[in-house]
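Here's a quick walk through this structure, with the ligand site up front and the rest of the chain after it. Keep the viewer open as you read.

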Amino acid sequence: MADDWANSGLDLLVVLDPRHKVQSLERALRDAIDDGSLRAGTRLPSSRALAADLGIARNSVVEVYERLLGEGRLEARVGSGTRVRERLASASASSGALVNRSTRFELDLRGGLPDASAFPRSAWLAAMRQALAEASSASLGYGPPEGVAPLRAALAEYLARARGVRVQADDVIVTHGFGELLGLVARAIAARGGRRIAVEAYGHASHREVLQAAGLEPVPLAVDAEGADVARLHDSGVDAVLLTPAHQFPTGVPLSSARRTALAEWAMTAGGIVIEDDYDGEFRFDGRSIGAFQSLAPDATVYGGTASKALSPAVGIGWGVVPPVLRDEVLAARRRTGAATDAIGQAALAVLIGSGGYDRSVRTLRTRYRARRERFEARLADGAPDARVLGLAAGIHCLLELPDGVREADVVAAGAARGLRFDGLAAYAADAATASSRPATMVVGFGAPPDLRFEQAVAAVIAAIDAAR
Ligand SMILES: Cc1ncc(COP(=O)(O)O)c(C=O)c1O
């Protein structure tokens, strides 16, 4: 067993035809090399170990290896065994295409992306280590659909303290990001007979798609300098509304306090549900943080948040504070999807929040993003003084109103030619009327590029505008 396939650290699915074992082994290995499942440099098990694993004669495996060596798919070096050859594997169509796709856009300035290079690796590693060291065996089985108890308690404490949410641990449901929460809540609303949901006229198309997939019809609400026009909820006949009250995405305006009051009145008098997407509420730079809307109407509001900004989308954890009226339906919807959030990651996040590490990450990033926003404004004032930076001093994106006569599509194309990926505001519009209602404007996510490439990204934005003039 010293050198079998499993002990070599690799696992490869080889389905052999029992009547033609040797030929099917040869075909399986050749296909796996060609389609990239076996990567360049991968060391194959010894012929003896593979023969024993597959129940065929060792000589047969030696012959297969020799044929693949002869074809140039494998290489054999004394002392390092038989490996997949470099040249062929890297020339395979699929891996080549992947490299091209990911290297085409070197700078990603799409709205909403955080700086992945800022992920607090050591703090997360320490939290993971502690969580695993302390985990009972039972906690490593299938966890409860609402999330693990330590994380729900840690989130309740954090959200009450940092965002003013009215919450007990029992109200918290942990999900795979805000995206999953939105889908579950939408299905719960539809299951209660809901049909229409108001959405801000600008937002993520993917969120509108999630609502539609759950059977709800999105109804756009105009967005102006006070945020979404919630006065229209009364006669719009909607059952619910999805909003980003702290920092409208992507226009960057907060919902005014008069509109927050009006929204709470609508929810309470019309029996409507408010889904509050508090995706970057922690990142306000002007010291005038507004708490979550949820505290004004806790029985009618689903508050949603995510670890995607303060940590990373790779953590894959979001949360909802769900009022009793929807809780059973949301959990039932989750059971029906068969999904569950990774229990070890949840335990680690509970440790991180409990140790103050999550707060530290928020504070570090707030400082970093504030500095970037200021630098972006200063560089634009120099490099493109006739373009206007708009949106609250908050979050990780802003709007850039283009100089007269410059079109969004031309700036997108000029940016792409410079390896820059970003979108015009029209790409976020819920309908054609909204898309043509404002002057040409870009949505610029200044969060994603690592510090080292930030200046290059800003220079590329300015160059793209100049090229589109
Ligand atoms: C407006 C908005 N809401 C929510 C999210 C978070 O989504 P998730 O938790 O699914 O990563 C994002 C992320 O980009 C966002 O831009």
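How many Å lie between a backbone N or O atom of Gly-179 and an oxygen atom of the ligand? The gap is 3.1 Å. Bear in mind that this is a predicted model.

Two side chains also put polar atoms by the ligand, and here they are together with Gly-179:

| Residue | Protein atom | Ligand atom | Distance |
|---|---|---|---|
| Gly-179 | backbone N or O | oxygen | 3.1 Å |
| Asp-277 | side-chain N or O | nitrogen | 2.6 Å |
| Thr-306 | polar side-chain atom | oxygen | 2.6 Å |

On its own, the ligand has 390 Å² of accessible area, and the protein covers 83% of that. As for where to look, the ligand sits in the largest pocket.

Now for who else is around. The shell takes in Gly-112, Gly-177, Phe-178, Gly-179, His-204 and His-207, along with Phe-249, Asp-277, Tyr-279, Thr-306, Ser-308 and Lys-309. Sorted by character, that gives 7 polar, 3 nonpolar and 2 charged residues. Helix 8, which covers residues 177-191, supplies 3 residues, the largest share of the shell.

Next, Asp-278. Which loop is it in? Asp-278 falls in the one that links strand 10 (273-277) to strand 11 (301-306). Is Asp-278 buried or exposed? Its relative accessible area is 4%, and buried means under 20%, so Asp-278 counts as buried. The side chain of Asp-278 has a partner too: a polar contact of 2.5 Å joins it to the side chain of Tyr-303.

Leu-242 is another one to click on. You'll find Leu-242 in strand 9, which runs over residues 240-243. With a relative accessible area of 9%, Leu-242 is buried as well, because that value is under the 20% cut-off. For a feel of the distances across the model, try Leu-242 and Gly-415: these residues are 173 apart along the chain, and their C-alpha atoms are separated by 32 Å.

Finally, zoom out to the whole chain. There are 469 residues, and 50% of them count as buried. The chain is built with 16 helices and 17 strands. Taken along the principal axes, its C-alpha atoms fill a box of roughly 80 × 55 × 40 Å.

Methods: Residues numbered from 1 in each chain as written. Predicted model: local features only at pLDDT ≥ 70, side-chain atom pairs only at ≥ 80, totals over all residues. Heavy atoms only, no water. Near = heavy atom within 4 Å. Polar contact = N/O pair within 3.5 Å; in protein donor to acceptor, adjacent residues only side chain to side chain. Areas by Shrake-Rupley, 256 points an atom, 1.4 Å probe, with all protein chains shown as cover. 1 Å grid on protein atoms, 1.4 Å probe; cavity = no way out; pocket = protein on both sides within 12 Å on 5 of 7 lines; lining within 4 Å. Sits in = over half its atoms within 2 Å of the grid points. Helix = DSSP H or I, 4+ residues; strand = E, 2+ residues; numbered from the N terminus. Nonpolar A, V, L, I, M, F, W, Y, C, P; charged D, E, K, R; others polar. Buried < 20%, exposed > 50% of the residue type's maximum accessible area, 1.4 Å probe, protein only.
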